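I opened this entry to look up the salt bridges and to note how the partners sit in the chain and at the surface.

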Amino acid sequence: AAAPLPQVPRRVLGKTGRQVPILLMGGNMAFDERFDPRIAECLRFGVNYFDVADCYIGGRSETGLGSFIGKSGRRADLWVTTKSDDHSPAGLERVLARSLERLKTDHVDLYFLHALKDPRTLDDPATARAAEKLKQEGKIRFFGFSCHHGTVAELLTKAAGLSWIDAIMFRYNFREYGNLELNRAMDACHQANVGLIAMKT
């Protein structure tokens, strides 16, 4: 018998309480809608976290992953994150409805405000209510945001005090190792059990 394939290690992602692989499959690419072997190969090695967005490749990252989900019947084996670049409460719901249709699923595991810049967005109680409403409806399991710009530390610090933020994907690499403000913000999120996902590594 063939030896079992090595599996990417897993770790609990903050408040979600779920074990996810420490490496994920970024979806800012056009997946082949007939059958994309990259998705299947990821699953063979334990990488079941797929990160897509409504705005990636004109929506083709979502439709490609959705095609795989529809044909394989393996939705239960996947952790799917998608994102909305419309940050208004109504926009979050509208974009998610389109994303669910493209992904051929009734829910996503994690839903992000995409490329958040302004920390004041997190002060709007209507945004928190929209996130909670989508959770209660079963359309999302968890909620957070992604951030790339110069306000990353400020956003993380603010999120550490918000009960409705479950996880954050943020720009982080070796150039940031000596950034004390960012380190303190990461520590605050860790203490608050907000899941942290590094991108642009």
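I began with a network: Glu93, Lys133, Glu137 and Lys139 are linked to one another by salt bridges. The model I am reading is a predicted one, and in it I find 18 salt bridges.

Next I looked up aspartate 109 and arginine 141, whose side chains meet in a salt bridge at 3.0 Å, N to O. This pair links distant parts of the chain, since aspartate 109 belongs to strand E6 (residues 108-113) and arginine 141 to strand E7 (residues 140-147), with their positions 32 residues apart. I then checked accessibility: aspartate 109 has a relative accessibility of 1% and therefore counts as buried, whereas arginine 141, at 37%, counts as partly exposed.

I turned to helix H4 (residues 125-136), which holds both glutamate 132 and lysine 135, three residues apart, or about one turn of the helix. Their side chains meet in a salt bridge at 3.7 Å, N to O, and I note that glutamate 132 is partly exposed, with a relative accessible area of 30%.

The last pair I looked up was arginine 171 with glutamate 176, where the side chains form a salt bridge at 3.4 Å, N to O. Which of the labels, buried or partly exposed, applies to glutamate 176? I find a relative accessibility of 14% for glutamate 176, which is under the 20% cut-off, so glutamate 176 counts as buried. Its partner arginine 171 is partly exposed, with a relative accessible area of 26%.

Definitions and conventions
Residues are numbered from 1 along each chain as its sequence is written. This is a predicted model: local features need pLDDT of at least 70, side-chain atom pairs count only at pLDDT 80 or more; totals for chains, interfaces and linings use all residues. Side-chain values use heavy atoms; hydrogens and water are left out. A salt bridge is a side-chain nitrogen of Lys or Arg within 4 Å of a carboxyl oxygen of Asp or Glu. Helices (H or I, at least four residues) and strands (E, at least two) are DSSP runs, numbered from the N terminus. Buried means under 20% relative accessible area, exposed over 50%, partly exposed in between (1.4 Å probe, protein chains only).
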